[in-house]
Amino acid sequence: MLTSLGISFTQASPTAEESTARFDNVIDVAADNAEIKAQSVLAGQREATVVIGADTLVALEGRVLGKPKDREEAKSHLHLLSGKKHQVHTGLCLLSKKDGIRKITVTSEISFHSLSQETIENYARTREPLDKAGAYASQGLGSRFIKEVKGSYWNVVGFPLETFLDELEKLTGVSAFEYFM
């Protein structure tokens, strides 16, 4: 997504592990995981570098539906989501040795169509749900399940671009448009 905006970046894998057990509030978990990831990458960076950490969690009635460990768990997640509304929370952390920290969680509400057993079985066989929070990809075949999105679509994809640009401006004091000139 950053590439589509023309932003130059280097990708680094965080050394920190995500957690869903540290807080009772899913919003806090997403923001904390984003910060933990960003902090684990910051140490080796230059002063002016802005490190971006993000973590997306799917929650149904306060229960986190993480990345399924296998097809059976993917099918279970999809059964739970079928015909219901759920939330997608993306914690976003921008961190810089020079400018400090900005941390926020963006929440979108998703309404799912009712899914037949056959649809769930067929989708689980695609392998697409196996590495996605909530066991579906809104930017892929899982888009068929989405009846309505309230809030940021980009958040549902996993990275709220509009919020990122706002927070980048707040952190650095530089207009986001300056990065594109």
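1. Helix α6 covers residues 161–172, which makes 12 residues; at 1.5 Å a residue the helix should span 16 Å, and its end C-alpha atoms are indeed 16 Å apart, so the expected and computed spans agree. Keep in mind throughout that this is a predicted model.

2. Which residues of α6 are buried? They are L161, T163, F164, L165, E167, L168 and L171. These buried residues pack against two helices, α1 (2–5) and α5 (153–157), and against the strands β1 (51–60), β3 (85–96) and β4 (100–112). After α6 comes G173, which has a positive phi, near 75°.

3. One of the buried residues of α6 carries a charge partner. E167 makes a salt bridge with R102, and the closest N and O atoms are 2.8 Å apart. This pair joins distant parts of the chain, since E167 belongs to helix α6 and R102 to strand β4, with their positions 65 residues apart in the numbering. E167 has a relative accessibility of 4% and therefore counts as buried, whereas R102, at 30%, counts as partly exposed. As background, side chains of opposite charge can pair when their charged atoms come close.

4. How many salt bridges does a search of the whole structure find? The search gives 8. Another of them joins E72 and K75, whose closest N and O atoms are 2.9 Å apart. Both residues lie in helix α3 (residues 71–81), 3 residues apart, or about one turn of the helix. The two ends of this bridge are not covered alike: E72 is exposed because its relative accessibility of 53% is over 50%, while K75 is buried because its 12% is under 20%. E72 and K75 also belong to a network of salt bridges that includes E121.

5. A further salt bridge is formed by the side chains of E73 and K69, at 3.8 Å from N to O. Here E73 is partly exposed, with a relative accessible area of 23%. K69 has a relative accessibility of 69%, so K69 counts as exposed.

6. The largest nonpolar core has 20 residues, and the members that touch the most others are L78, I110, F112, Y136 and F145. At least two residues of this core come from each of β1, α3, β4 and α4 (117–125). Helix α3 gives the largest share, 3 residues. As a general background point, nonpolar side chains in soluble globular proteins tend to be buried together.

7. What does L78 touch, leaving aside residues up to four places away in sequence? Its contacts are F112, L115, I120, Y123, G134, A135, Y136 and F145. Another core, of 11 residues, lies apart from the largest one; L161, L165, L168 and A176 are among its members. L161, L165 and L168 were already listed in point 2 among the buried residues of α6.

8. The surface also has a nonpolar patch. M1, Y153 and W154 make it, with an area of about 290 Å². Y153 is located in helix α5, and α5 is one of the elements that the buried residues of α6 pack against. With a relative accessibility of 38%, Y153 counts as partly exposed.

Notes
Residues are numbered from 1 along each chain as its sequence is written. This is a predicted model: local features need pLDDT of at least 70, side-chain atom pairs count only at pLDDT 80 or more; totals for chains, interfaces and linings use all residues. Side-chain values use heavy atoms; hydrogens and water are left out. Helices (H or I, at least four residues) and strands (E, at least two) are DSSP runs, numbered from the N terminus. The expected span of a helix is 1.5 Å times one less than its number of residues. Buried means under 20% relative accessible area, exposed over 50%, partly exposed in between (1.4 Å probe, protein chains only). Contact means heavy atoms within 4.5 Å. A salt bridge is a side-chain nitrogen of Lys or Arg within 4 Å of a carboxyl oxygen of Asp or Glu. A nonpolar core is a set of buried Ala, Val, Leu, Ile, Met, Phe, Trp, Tyr and Cys residues joined through side-chain atoms within 4.5 Å. Patches are made of residues with over 30% relative accessible area and no salt bridge: like charges are joined within 9 Å, nonpolar side chains (Val, Leu, Ile, Met, Phe, Trp, Tyr) within 5 Å. Accessible areas come from the Shrake-Rupley method with a 1.4 Å probe; for residues, only the protein chains shown count as cover.
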